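Colleague: I have a structure to learn my way around. Can you walk me through it?
Modeller: Sure, let's look at it together.

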Amino acid sequence: MENTFSEITRTENFEQMSKDKYDLLIIGGGITGAGIALDAVTRGLKVALVEMQDFAAGTSSRSTKLIHGGLRYLKQFEINVVKEVGRERAIVYENGPHVTTPEWMLLPFHKGGTFGAFTTSIGLKVYDFLAQVKKTERRTMLSAEETLQKEPLIKKDGLKGGGYYVEYRTDDARLTIEVIKAAVENGAIVANYVKAEQFIYDERKKIIGVIVRDLLTNKEVEIHAEKFVNAAGPWVDEVRGKDYAKNNKQLRLTKGIHLVFDQSVFPLRQAVYFDTPDGRMIFAIPRDGKTYVGTTDTFYDKDTAHPKMLSSDRDYVISAINYMFPDVKITKDDVESSWAGVRPLIYEQGKDPSDISRKDEIWEADSGLITIAGGKLTGYRKMAENVVDLVAKELCVTQQRNLKPCQTVHFPISGGNLGGSANYNSFITKKANEAIQFGLTEEEGYALASKYGTNVDYLFDYAKDYQELDEDQLTPFVYAQLMYAIEKEMVLKPVDFFIRRTGALFFNINWVKKWKEPVLAKMEEVFGWDSEQTKEYTAELEKELKDAVVPIDEQGL
């Protein structure tokens, strides 16, 4: 089924939502809401979803971009968390190998560090067991010399050896978009930039509807449903605050930032998970000619929608880099880009940010509002399954419905119809060779197939269309991604394209600077913006470009 998922679709969806009644309305279009929508619709439920920003604009585009099992949670004896999310990694990978990649991770241990040879060996062995890691990906232990062969930049002083194990790297925003698209392809109706404003109750004080507002037009409509799920991530408490029934659970937000460097500055060849001087653990990961490092972990109570890097955050990460990679000699001038995100954790009094559990919790208010909070990116599919199990159980009682069990264990997300990860490399090679006939280079074809998976043929068609248009302000490669994003991924603003659909503002900021004006011009033409709208969206993009490089507390000084 062809995926039509555009501004036009969004407008139609917004109108349609007010006319129909749904089995389930989901508030929140990050990875958790997206996963719930896909799980619910594939079981046979009639599903609607609203997101007040762009899809994945909150935590789901600002994580460490790893589908990882949470090795550090073994230290906190959170065995079930490690067990569950560890096993989910392989499922997420098989369902979308174009957005998830196995990544060998090096865990060096030094004299006096958090981990030693024995604890690393036992910890990784337990990790492999709990996560049911396949034989080819089980941990090995390395000597100091072998550790340096894997990554020569690691601090040699006091180095005793290392553990070598597999994690999975992902593009968190694209994972979210592909899950949302899969939900839409199977019948879900969704809209971004639509905010839930107020609940509607019946005489029993049960929620029967939500008043929502289109943030681009200010129009309000009512959406009615049987069940309502609050999957608003960092805004979970804000949504709960609109409901009369609220328990004493509350979120505590923590902020994490990541810095991006060009490989010419920080030529890391191997992903490394390492100690900082204060005992925290952070990642350094090579990706597409860059190296990114993070994350920090501090309590946060400022603007949830726009968390920003502070100079103290930047300096902390740079200090950690220079501690573990002393020969690199990173300075603040080497930072090419950055991002900051907030994690919604369930508050536990007296605990430091790094020690608060990442376990998810589900609770249902007297009003019927179901809330999902906490959790990790890796566990999104299982979290969704647990939520929809609850919804389905209640609908089976009230409506005598006979719904399917969870379908998503072996269910490819959009672009993931490859027949499994084993076919991924041959598919990418084949598509890279095909790209030439569409006016693209082999390298561009490889990049597109790697990013968009089995949807790449749409992009090839756009590239071919561009040649026939005989325009010169863009290139087939840029045009194909832009038009695909507009017509099949519900992009409405330049920041949607440059951050959530391509990841370029984080990982190729110079590409954004090069193409921002032609992209803005094309979007202005396609959407028919007036001069004020163009000015507003241009300023929004310029602000993101500035914030990515200059800490918020150093701006204007």
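Modeller: One term to begin with. A salt bridge is a side-chain nitrogen of Lys or Arg within 4 Å of a carboxyl oxygen of Asp or Glu. Also keep in mind that this is a predicted model.

Colleague: Got it. How many salt bridges does the structure hold?
Modeller: There are 46 salt bridges.

Colleague: Pick one. Which residue forms a salt bridge with Asp-54?
Modeller: That is Arg-501. The closest N and O atoms are 2.7 Å apart. The pair links distant parts of the chain, 447 residues apart. Asp-54 sits in the loop between β2 and β3. Arg-501 belongs to helix α15, residues 494-501.

Colleague: Are those two buried or exposed?
Modeller: Asp-54 has a relative accessible area of 0%, so it is buried. Arg-501 is also at 0%, so it counts as buried too. The cut-off for buried is under 20%.

Colleague: Any other pair that links distant parts of the chain? What does Asp-389 meet in a salt bridge?
Modeller: Its side chain meets that of Arg-43, at 2.8 Å from N to O. This pair also links distant parts, with the two positions 346 residues apart. Asp-389 is in helix α10, residues 380-399. Arg-43 is in the loop between α2 (31-42) and β2.

Colleague: And how covered are they?
Modeller: Arg-43 is buried, with a relative accessible area of 4%. Asp-389 is at 33%, so it is partly exposed.

Colleague: What about Asp-202? What is its salt-bridge partner?
Modeller: Arg-204. Their closest N and O atoms are 3.1 Å apart. Asp-202 is buried, at 16% relative accessibility. Arg-204 is exposed, at 57%.

Colleague: Which residues are joined into one network by salt bridges that share partners?
Modeller: Asp-54, Asp-496, Arg-500 and Arg-501. You met Asp-54 and Arg-501 a moment ago as a salt-bridge pair.

Colleague: New topic: backbone oddities. What should I expect in general?
Modeller: Most residues other than glycine have a negative phi, and most peptide bonds are trans.

Colleague: So which residues here have a positive phi although they are not glycine?
Modeller: Ala-56 is one of them, with a phi of about 70°. Tyr-193 is another, at about 55°.

Colleague: Where is Ala-56?
Modeller: Ala-56 is in the loop between β2 (47-51) and β3 (66-67). Asp-54 lies in the loop between β2 and β3 as well. Ala-56 has 0% relative accessibility, so it counts as buried.

Colleague: And Tyr-193?
Modeller: Tyr-193 is in the loop between β7 (189-192) and β8 (194-201). Its relative accessibility is 6%, so Tyr-193 is buried.

Colleague: Where is there a cis peptide bond?
Modeller: It joins Gly-294 and Thr-295, with omega about 20°. Thr-295 lies in the loop between β14 (290-294) and β15 (298-299).

Colleague: Let's go to the surface. Which residues gather in a patch of negative charge?
Modeller: Asp-461, Asp-465, Glu-468 and Glu-487. Helix α13, residues 456-469, gives the largest share, three residues. Glu-487 is in helix α14, residues 476-488. Glu-487 is partly exposed, at 36% relative accessibility.

Colleague: What makes the nonpolar surface patch?
Modeller: Phe-118, Ile-122 and Val-126. The patch is about 290 Å². Ile-122 lies in helix α5, residues 117-130. Its relative accessible area is 39%, so Ile-122 is partly exposed.

Colleague: I marked Asp-275 earlier. Is it buried or exposed?
Modeller: Buried, because its relative accessibility is 11%. Asp-275 is in strand β12, residues 271-275.

Colleague: What is it in contact with, leaving aside neighbours within four places in sequence?
Modeller: Asp-275 is in contact with Gly-113, Thr-114, Phe-115, Arg-280, Met-281, Tyr-323 and Met-324.

Colleague: Last one. Where is Asn-402 found?
Modeller: In the loop between α10 and α11 (424-434). Asn-402 is exposed, at 76% relative accessibility. Its C-alpha atom is separated from that of Ala-340 by 44 Å. Those two residues are 62 residues apart along the chain.

Note on methods: Residues numbered from 1 in each chain as written. Predicted model: local features only at pLDDT ≥ 70, side-chain atom pairs only at ≥ 80, totals over all residues. Heavy atoms only, no water. Helix = DSSP H or I, 4+ residues; strand = E, 2+ residues; numbered from the N terminus. Buried < 20%, exposed > 50% of the residue type's maximum accessible area, 1.4 Å probe, protein only. Contact = heavy atoms within 4.5 Å. Patch = residues over 30% accessible without salt bridge, like charges linked within 9 Å, V, L, I, M, F, W, Y side chains within 5 Å. Areas by Shrake-Rupley, 256 points an atom, 1.4 Å probe, with all protein chains shown as cover. Lys, Arg positive; Asp, Glu negative; His and termini not counted. Charge placed at Lys NZ, Arg CZ, Asp CG, Glu CD.
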